[in-house]
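Please examine the model shown below before attempting the exercises. Each task is followed by a worked solution.

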Amino acid sequence: MQVLELIIIAGLAAIVLYQLYSVLGRRVGRQPEDQPAAEVAAAGRAPKQPLEAPEEGVALTGLAAVRAQDPGFEVNRFLQGARAAYEMTVRAFAAGDRDTLRRLLSPQVFASFDSAIAAREAEGRTENVEFLHQPRADLDKAEVLGELARMTVRFLAEFRSRTTGPEGEAVDDRRTAELWTFERKLKSKDPNWILVHVDAAEA
């Protein structure tokens, strides 16, 4: 009887072990369920791919085109310089400072400014400008033509103009909105941008 009982117990044990093996299967090495949740989630995501360069023949535009030729270009730094150039140009024009204007303007723009200064001088007038607030400068457009970068900046400014003429002195507070376009050769060692065009803009 004892032998028969042992045989029956052994058979039952074998059946139980076989069922467990069928359900769970083998575990060899580290399994996915052994990994922390964060590791499993990461494994399920596609690996990050590095940013690819644009395909050959694809034309870059705007700031992307500027940075492609000048990786160090920074919009904020450019706008700070453009604002300084704007204030310097307005003051130089009011004062009739042609030497300063020649350094900041293209020949065509300088000719226009010089003509206005000459007309004012012929009338016996002088002018002084005082900014009431720091001008606001916003980038309106960016483009690249060959190696030439062209940036258009929208300026909003409030200033007080004091004009002295044969009839006396006049004070005029003005609020202006203008689009100034600057150019620079990106490969040039000269970091300065030159004013090449001025347009009126909506305030």
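The exercises below concern one residue and two pockets of this predicted model.

**Exercise 1.** Determine whether Glu183 is buried or exposed, and describe its surroundings.

*Solution.*
Step 1. Locate the residue: Glu183 belongs to strand 4, which spans residues 168-185.
Step 2. Apply the cut-off: a residue is buried when its relative accessible area is under 20%. The relative accessibility of Glu183 is 16%, and therefore Glu183 is buried.
Step 3. Identify the side-chain partner: a polar contact of 2.5 Å joins the side chains of Glu183 and Arg150.
Step 4. List the contacts, with neighbours within four places in sequence left aside: Glu183 touches Leu148, Ala149, Arg150, Asn192, Trp193, Ile194 and Val196.

**Exercise 2.** Characterise the largest pocket by volume and lining.

*Solution.*
Step 1. The volume of the largest pocket is about 380 Å³.
Step 2. Its lining comprises 16 residues; Phe78, Gly81, Pro191, Asn192 and Trp193 are nearest the centre.
Step 3. Helix 4 (75-95), helix 5 (98-104) and strand 4 each contribute at least two lining residues, and helix 4 has the largest share, with 5.
Step 4. The lining divides by class into 8 nonpolar, 3 polar and 5 charged residues.

**Exercise 3.** Repeat the analysis for the second largest pocket.

*Solution.*
Step 1. The second largest pocket has about 280 Å³ of space.
Step 2. Among its 14 lining residues, Val90, Phe93, Phe159, Arg174 and Glu178 lie nearest the centre.
Step 3. At least two lining residues come from each of helix 4, strand 1 (126-131) and strand 4; the largest share, 5 residues, is that of helix 4.
Step 4. By class, this lining holds 9 nonpolar, 2 polar and 3 charged residues.

Key:
Residues are numbered from 1 along each chain as its sequence is written. This is a predicted model: local features need pLDDT of at least 70, side-chain atom pairs count only at pLDDT 80 or more; totals for chains, interfaces and linings use all residues. Side-chain values use heavy atoms; hydrogens and water are left out. Helices (H or I, at least four residues) and strands (E, at least two) are DSSP runs, numbered from the N terminus. Buried means under 20% relative accessible area, exposed over 50%, partly exposed in between (1.4 Å probe, protein chains only). A polar contact is a pair of N or O atoms within 3.5 Å; within protein, one must be able to donate a hydrogen and the other to accept it, and residues adjacent in sequence count only if both atoms are side-chain atoms. Contact means heavy atoms within 4.5 Å. On a 1 Å grid over the protein atoms alone, a cavity is a set of points where a 1.4 Å probe fits but cannot get out, and a pocket is an open set with protein on both sides within 12 Å along at least five of seven lines; lining residues have an atom within 4 Å of a point. Grid points are joined across faces, edges and corners, and a volume is the space filled by probe spheres set on the points. Ala, Val, Leu, Ile, Met, Phe, Trp, Tyr, Cys and Pro count as nonpolar, Asp, Glu, Lys and Arg as charged, and the others, Gly among them, as polar.
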